Amino acid sequence: MRIMGLDYGTKTVGVALSDALLITAQPVETIERKSANKLRQTFARIEQLIDENEVSLIVLGYPKNMNNTAGERAEATEKFREDLMRRTGLSVVLWDERLTTVEAERILMESSVRRENRKEVIDKMAAAIILQSYLDAHGNEHKNAD
């Protein structure tokens, strides 16, 4: 059993996976699409990764505003969540993603990743941060379920 973390954006979806012990999150890939509303190939790739990695739960970054309200991006994420649950049959947990992109950028800068290369990895890095935050908060629950 693994958990998948997703960072849903207007043109990309960052993907991360937990290890089999549900301790660490690793960035996997960034799924790109040409249009914000073209999700068929995005869903197909997510489903392929779910099958290949025996994913049993999805953690989806939830972009709340800094004042804890849900804006336009949060509404789009909620719709994506509904579609994802319908297509995969898996539970999809919304997880607060405030400042994860900022954190990912900081980590990449500290790792001396060149600015032009950061763009390629920032979304999957943000997905890993979202998933790691979830794993850290819920680690004992999943370990006790085994």
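1. Let me start with a side chain worth a look: Arg45 is partly exposed, with a relative accessible area of 24%. On this scale, buried means under 20% relative accessible area, exposed means over 50%, and partly exposed lies in between, using a 1.4 Å probe and protein chains only. Please bear in mind that this is a predicted model, in which local features need pLDDT of at least 70, side-chain atom pairs count only at pLDDT 80 or more, and totals for chains, interfaces and linings use all residues. Residues are numbered from 1 along each chain as its sequence is written, and side-chain values use heavy atoms, with hydrogens and water left out.

2. Now the overall layout. The protein chain has four helices and five strands, and along the sequence they follow the pattern β-β-β-α-β-α-β-α-α. Both kinds of element are DSSP runs numbered from the N terminus: helices are H or I with at least four residues, strands are E with at least two.

3. Some chain totals for your notes. Of the 146 residues in the protein chain, 43% are buried. Among contacts with a separation of 6 or more, 62% come from residues 24 or more positions apart; contact here means heavy atoms within 4.5 Å. The exposed area of the protein chain is about 8400 Å², with 48% of it supplied by carbon and sulfur atoms. Accessible areas come from the Shrake-Rupley method with a 1.4 Å probe, and for residues only the protein chains shown count as cover.

4. Back to Arg45 and its partner. The side chain of Arg45 meets that of Glu29 in a salt bridge, at 2.6 Å from N to O. Because Arg45 lies in helix H1 and Glu29 in strand S3 (residues 25-32), the pair ties together parts that are 16 residues apart in sequence. A search of the whole structure finds four salt bridges, each defined as a side-chain nitrogen of Lys or Arg within 4 Å of a carboxyl oxygen of Asp or Glu.

5. Another of these joins two helices. Arg87 forms a salt bridge with Glu47, with the closest N and O atoms 2.9 Å apart. The pair links distant parts of the chain, Arg87 in helix H2 and Glu47 in helix H1, 40 residues apart. Arg87 is partly exposed at 38% relative accessibility, and Glu47 is partly exposed at 22%.

6. Within helix H2, Arg86 and Asp83 meet in a salt bridge at 3.0 Å, N to O. These two residues are separated by about one helical turn, because they are three residues apart in helix H2. Arg86 is exposed at 61% relative accessible area, whereas Asp83 counts as buried at 10%. Lys79 joins Asp83 and Arg86 in a network of salt bridges.

7. Finally, the aromatic rings. The structure holds three aromatic pairs. Rings of Phe, Tyr and Trp (its six-membered ring) pair if their centres lie within 6.5 Å; planes under 30 degrees apart count as stacked, over 60 as edge-to-face and the rest as tilted. Tyr8 and Phe80 are stacked, 4.0 Å centre to centre with 10 degrees between the planes. Tyr8 lies in strand S1 (residues 2-8) and Phe80 in helix H2 (residues 72-88), so this pair ties together parts 72 residues apart in sequence.

8. Phe80 has another ring partner: Phe43 and Phe80 are also stacked, 5.3 Å centre to centre with 15 degrees between the planes. Phe43 sits in helix H1 (residues 40-53) and Phe80 in helix H2, 37 residues apart. Ring pairs thus link Tyr8, Phe43 and Phe80 into a cluster. Its members are buried: Tyr8 at 10% relative accessible area, Phe43 at 5% and Phe80 at 0%.
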